[in-house]
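Please examine the sequence and the structure shown below before attempting the exercises.

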Amino acid sequence: MAASSNPTDESSHLYDALPNDQELDSIISDAKFIADTRTEFYDPCLTSRRYALVGVACSTIFSCSCIIAGIVTLANHGVLGVTVTDIFVLNTVMNPLPLQGEILALALNLIVTLCTESIGLVHSISLRSALASESRLYFNTNLRLLTAARGWYNPNGTLFNGISAVLLIISYSSASIIVCLNSGYDDFAIAIAGVPLLVLGLALLLQVIIALSAMRAVKILTWSSSPFDLTAALVHHTQLTPATLRCMRCVSDLDTYGGPAKPSEIQPSAWHAHPSIRKVIISLWVIVAACAGWAALVMYTNRDTNFIPMIYTWSFLPNQSSNFVTYPMPGVNLEVWILLFVNIAVVQGPLTLGLHCSELIANAIRDERQWRCATGRKGLRTAMNPVKTIFTHPICLVLFVAKPFLHWMFGLSFQINNVVFGEKLGWSLVSMNTSQIWNLCIALFIFACFFTLVALRRPRGPQPAAYGHLQTLANLVDEWSPVMWWGHKEDGIPYCHAGTSDHPLPDVKMDCVYAGSGVESLVPLS
């Protein structure tokens with residue numbers, strides 16, 4: 001831990017001079033008054049609201065298009081029918097689904113990611129406001145589908161969050177089996193399966209309905225993704241009260257006896273500061289281990305059936321020379337699709353939820369980097385564009401790219417070969433390709449290593465770490481403005497004061513004890 005939870009000897013000696021309870025109540029009352037008069041500037045961020053609703057509208061249009069296309073395909077060709085495209089392919093013997101089909105599948109995964117992220121923005125902000133109204137909001141970012149507000153029928157509650165999680169898994173599962181290959185008499189063409197397309201549209205549309213219902217069920221104070229706009233809004237509406245004597249206390253000191261403290265040269269990592277981040281990191285490594293075990297099991301199962309050393313068959317895309325285990329999908333008509341969805345959702349579900357939970361790490365690091373700009377030359381800008389942050393913060397960009405790419409790689413590993421003749425599904429084979437499973441395992445290993453290193457990194461400098469923790473930010477920010485700097489503000493005996501200002505501040509003094517403004521005037525001098 002960067003900041004010690006035990007006070008220094010000097011700090012302990014100075015605790016004797018702390019004000020009594022009545023004087024502390026006076027300080028807290030003054031702090032509330034200051035907060036009420038200085039946080040009125042907070043941005044409700046209606047621009048972010050417009051971005052979010054435009055994204056939801058686009059998701060709705062795409063989902064309705066999928067539903068209509070799926071219904072038309074089912075009406076014309078039946079439950080096992082497909083719509084054949086004009087994309088004709090050659091040399092299909094070498095690859096169950098040619099390159100053109102794989103590119104189309106990757107593009108479909110990207111569209112699903114864009115839609116679910118747009119829907120997730122509305123849902124997460126609604127959930128955040130619901131938790132705040134229940135005084136249960138602690139961090140700016142929460143595990144959206146694994147954190148619930150009270151109330152069984154609440155759109156932000158456990159039931160609908162669970163339904164949203166299932167719908168998210170179904171969305172990516174559908175994208176993996178929509179694209180298939182139609183075999184004609186003398187040619188092959190890319191085809192689009194009707195039932196998976198219809199299911200994808202319904203899954204996205206139901207997520208839109210849940211997100212909009214959640215938005216209407218709660219009063220949203222601010223649509224901003226910035227922890228500072230949210231903290232200012234909560235303080236202004238008296239849903240959060242700054243604590244005294246904690247202007248040099250970081251988020252990991254919340255469970256200790258908070259009081260005056262000396263600055264620390266290094267701050268705690270996200271791993272130590274946010275308990276949920278530890279669970280996410282562990283779950284990522286469990287997924288990596290499960291993927292490696294899956295690959296080993298497939299190799300073991302295939303060891304006696306014309307096994308070829310993988311060094312001779314390794315490839316990124318599956319082909320006929322690859323080692324694989326395959327099994328047919330039994331049933332007729334709708335039973336085939338139900339079994340396909342169950343098979344792929346059970347295997348793909350942990351990957352989808354693991355990538356969803358990784359948002360917590362990315363957003364916590366993003367919030368901390370924004371806070372640490374307060375000691376930079378340009379200062380901290382409280383406003384945050386939700387679209388711009390995806391491209392300006394490397395970890396957010398990595399996660400945004402990884403979601404569709406890793407789901408697509410999963411589709412290469414757990415491949416559904418829908419054999420189509422004359423616009424009708426003949427039969428379905430499930431292939432588990434050894435090389436592609438190892439490729440996915442390597443990609444997940446790199447992903448888990450990256451997020452683990454980011455979570456374990458400890459920020460340098462005396463500025464207390466917050467990681468988007470709202471109470472900590474309320475304690476550290478004593479003057480609110482659209483652009484803020486943090487540093488040393490006042491000398492005092494026996495305590496100095498560190499805080500924020502609308503102009504650059506000097507660095508804090510490493511050998512001084514900091515408590516907060518107004519405290520020294522209540523301490524009798526000896």
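The exercises below proceed from the whole chain to single residues.

The model is predicted, so local features need pLDDT of at least 70 and side-chain atom pairs count only at pLDDT 80 or more, while totals for chains, interfaces and linings use all residues. Residues are numbered from 1 along each chain as its sequence is written, and side-chain values use heavy atoms, with hydrogens and water left out.

**Exercise 1. Describe the chain as a whole.**

Step 1. Begin with the secondary structure, where helices (H or I, at least four residues) and strands (E, at least two) are DSSP runs numbered from the N terminus. The protein chain has 15 helices and nine strands.

Step 2. Consider burial, for which buried means under 20% relative accessible area, exposed over 50%, and partly exposed in between (1.4 Å probe, protein chains only). The protein chain has 526 residues, and 54% of them count as buried.

Step 3. Turn to the surface, with accessible areas from the Shrake-Rupley method and a 1.4 Å probe; for residues, only the protein chains shown count as cover. About 23200 Å² of the protein chain is exposed, and carbon and sulfur atoms supply 64% of this area.

Step 4. Examine contacts, meaning heavy atoms within 4.5 Å. Of the contacts between residues at least 6 apart in sequence, 75% join residues at least 24 apart.

**Exercise 2. Characterise the largest pocket and its lining.**

Step 1. Recall the definition: on a 1 Å grid over the protein atoms alone, a pocket is an open set of points where a 1.4 Å probe fits, with protein on both sides within 12 Å along at least five of seven lines, and lining residues have an atom within 4 Å of a point. Grid points are joined across faces, edges and corners, and a volume is the space filled by probe spheres set on the points.

Step 2. State the volume and the central residues. The largest pocket holds about 980 Å³ of space. It is lined by 42 residues, of which Glu 117, Ser 118, Gly 120, Leu 121 and Ile 390 are the closest to its centre.

Step 3. Identify the contributing elements. Two or more lining residues come from each of helices H3 (46–77), H4 (99–133), H5 (158–177), H11 (334–372), H12 (388–392) and H13 (394–413). The largest share, 11 residues, is given by H4.

Step 4. Sort the lining by class, with Ala, Val, Leu, Ile, Met, Phe, Trp, Tyr, Cys and Pro as nonpolar, Asp, Glu, Lys and Arg as charged, and the others, Gly among them, as polar. The lining contains 20 nonpolar, 16 polar and six charged residues.

**Exercise 3. Is Thr 352 buried or exposed, and which residues does Thr 352 contact beyond its neighbours within four places in sequence?**

Step 1. Thr 352 belongs to helix H11.

Step 2. Thr 352 counts as buried because its relative accessible area is 1%.

Step 3. Beyond those neighbours, Thr 352 is in contact with Leu 168, Ile 169, Tyr 172 and His 407.

**Exercise 4. Analyse the salt bridges.**

Step 1. Apply the rule that a side-chain nitrogen of Lys or Arg lies within 4 Å of a carboxyl oxygen of Asp or Glu. By this rule there are nine salt bridges.

Step 2. Take the pair Glu 134 and Arg 150, whose side chains meet at 3.7 Å, N to O. Both residues lie in the loop between H4 and H5, so the pair ties together parts that are 16 residues apart in sequence. Glu 134 is buried at 19%, whereas Arg 150 is exposed at 52% relative accessibility.

Step 3. Take next Glu 368 and Arg 372, with their closest N and O atoms 2.7 Å apart. These two residues are separated by about one helical turn because they stand four residues apart in helix H11. Glu 368 is buried at 3% relative accessibility, and Arg 372 is buried at 17%.

Step 4. Note a network: salt bridges with shared partners join Glu 117, Glu 359 and Lys 403.

**Exercise 5. Locate the backbone features.**

Step 1. Ile 493 and Pro 494 are joined by a cis peptide bond, with omega about 10°. Pro 494 is in the loop between strand S8 (483–490) and strand S9 (497–501).

Step 2. Thr 238, a residue other than glycine, has a positive phi near 55°. Thr 238 is in the loop between helix H7 (227–236) and helix H8 (270–273), and is exposed at 58% relative accessibility.

Step 3. Leu 245 has a positive phi of about 65° and is not a glycine. Leu 245 lies in the loop between H7 and H8, and is buried with a relative accessible area of 10%.
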